Amino acid sequence: MKALLMMGCPELPVQTAAALYIANKLNREGFVVTSAGNKAAISLLLNSDPEKHYIKKVMDLDRCIGALAEKKIDFDLCFVFIHSDSGITYLATVKSISKAKTVAVIFGKEIEPLIEASTGSVIIAAKSVHNPTPLRAQIDGVKSWAALTR
Amino acid sequence: MNYEILLPNSSFKECADYIKKNFKEIYYVPAGYKMFESYLVGIPPIPIAIENDDIIMPYVKPCHGCFVLRIPGKEEVGGLRKGKSNIFI
């Protein structure tokens, strides 16, 4: 099973923490996890996990979109990190070019419109900017990510 | 690449509406459509306008939102007008 973590702008601190936490859960379930983001988002991940206990593969976000669009890669599960309208456009793009089951990981101060715009995806959402605990509680509510791919 | 920003830092919907409202020759393409060596991100169908030899398109940056760009693009104009297989109007 293959999973993609598609990260947006890392301006909200909870994104990196949530990505590492989800990556660990997925690794333990046997997923091969790829993390895609811009340079800053990837750099934050790699600097937070220097021995690559959680983050095994990384990919530039634009190259990832291109490879998905060209059908060179695909995933069973794709987590899209969303705290703004840009995140919603990335979610819509992934839904359009990938066969992956999509999970919208929504955080920030104003999450309601983002939740509304994420219909058709599994939604993990919490009002969370600096403190990852509310988001982590939502993530822990899913007992098996592999079950979502069946 | 030469480009002009027609609408900065907006939502994707605002950019799509701007293109549909302000231009006459509009084509709709799917997300992931290749344009100027990059792949379009957006909520499909994505409107792209042609005016003279310019392409007018939405462009999403993760940290900055969506922009409407005007880019000179004779080859891309030709491709859109000829109707590539994955374009729907």
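Tutor: Let's start at one residue pair: B:Ala49 stands opposite B:Ile56 in S6(B). Keep in mind that this is a predicted model.

Student: What kind of pairing joins S5(B) to S6(B), and over how many bridges?

Tutor: The general idea comes first: strands of a sheet pair through backbone hydrogen bonds, either parallel or antiparallel. Here S5(B) and S6(B) run antiparallel, joined by three bridges. They form a hairpin with two residues between the strands, where B:Asn52 takes a positive phi near 55 degrees.

Student: Which residue of S5(B) is the bridge partner of B:Ile26?

Tutor: B:Ala49 again. S2(B) and S5(B) pair in the antiparallel sense too, over five bridges.

Student: Is S5(B) largely enclosed or open?

Tutor: Enclosed, for the most part, because five of its six residues are buried.

Student: On to helices. Where do the buried residues of H1(B) fall when seen down its axis?

Tutor: An α-helix has 3.6 residues a turn, so residues three or four places apart point the same way. In helix H1 (residues 12-22) of chain B, the buried ones are B:Phe12, B:Cys15, B:Ala16 and B:Ile19. They fall within an arc of 100 degrees, so they line one face of the helix.

Student: What do those residues pack against?

Tutor: In chain B, strands S1, S2, S5, S6 and S7; from chain A, helix H4 (85-97).

Student: Then how many residues of each chain are in contact?

Tutor: There are 16 residues of chain B in contact with 18 of chain A. On the chain B side, the elements giving two or more residues are strand S4 (38-39) and strand S7 (65-72). By class, that side has 11 nonpolar, five polar and no charged residues.

Student: How do I read the sheet in chain A: what is its strand order?

Tutor: Six strands form an open sheet, ordered S3-S2-S1-S4-S5-S6, with parallel pairing. S3 (57-60) and S6 (122-125) stand at the edges with a single partner strand each, so one side of each has no neighbour in the sheet. The twist averages 20 degrees from one strand to the next. Helix H2 (residues 39-48) of chain A packs on the sheet, touching S2(A) and S3(A), and its direction makes about 135 degrees with that of S2(A).

Student: Which residues have the most contacts inside the largest nonpolar core?

Tutor: That core has 72 residues, and the ones with the most contacts inside it include A:Leu5, A:Phe79 and A:Val80. Helix H1 (residues 14-28) of chain A gives the most to this core, with seven residues. As for A:Val80, its contacts include A:Met6, A:Tyr90, A:Leu91 and A:Val105.

Methods. Residues numbered from 1 in each chain as written. Chains lettered and ligands numbered in written order. Predicted model: local features only at pLDDT ≥ 70, side-chain atom pairs only at ≥ 80, totals over all residues. Contact = placed C-beta atoms within 7 Å. Helix = DSSP H or I, 4+ residues; strand = E, 2+ residues; numbered from the N terminus. Nonpolar A, V, L, I, M, F, W, Y, C, P; charged D, E, K, R; others polar. Core = buried A, V, L, I, M, F, W, Y, C linked by C-beta atoms within 7 Å. Buried ≥ 20, exposed ≤ 12 C-beta atoms within 10 Å, placed from the backbone. Arc of directions from axis to C-beta. Pairing = 2+ DSSP bridges. Axes fitted to C-alpha atoms, helices over the stretch in contact; angles between N-to-C directions.
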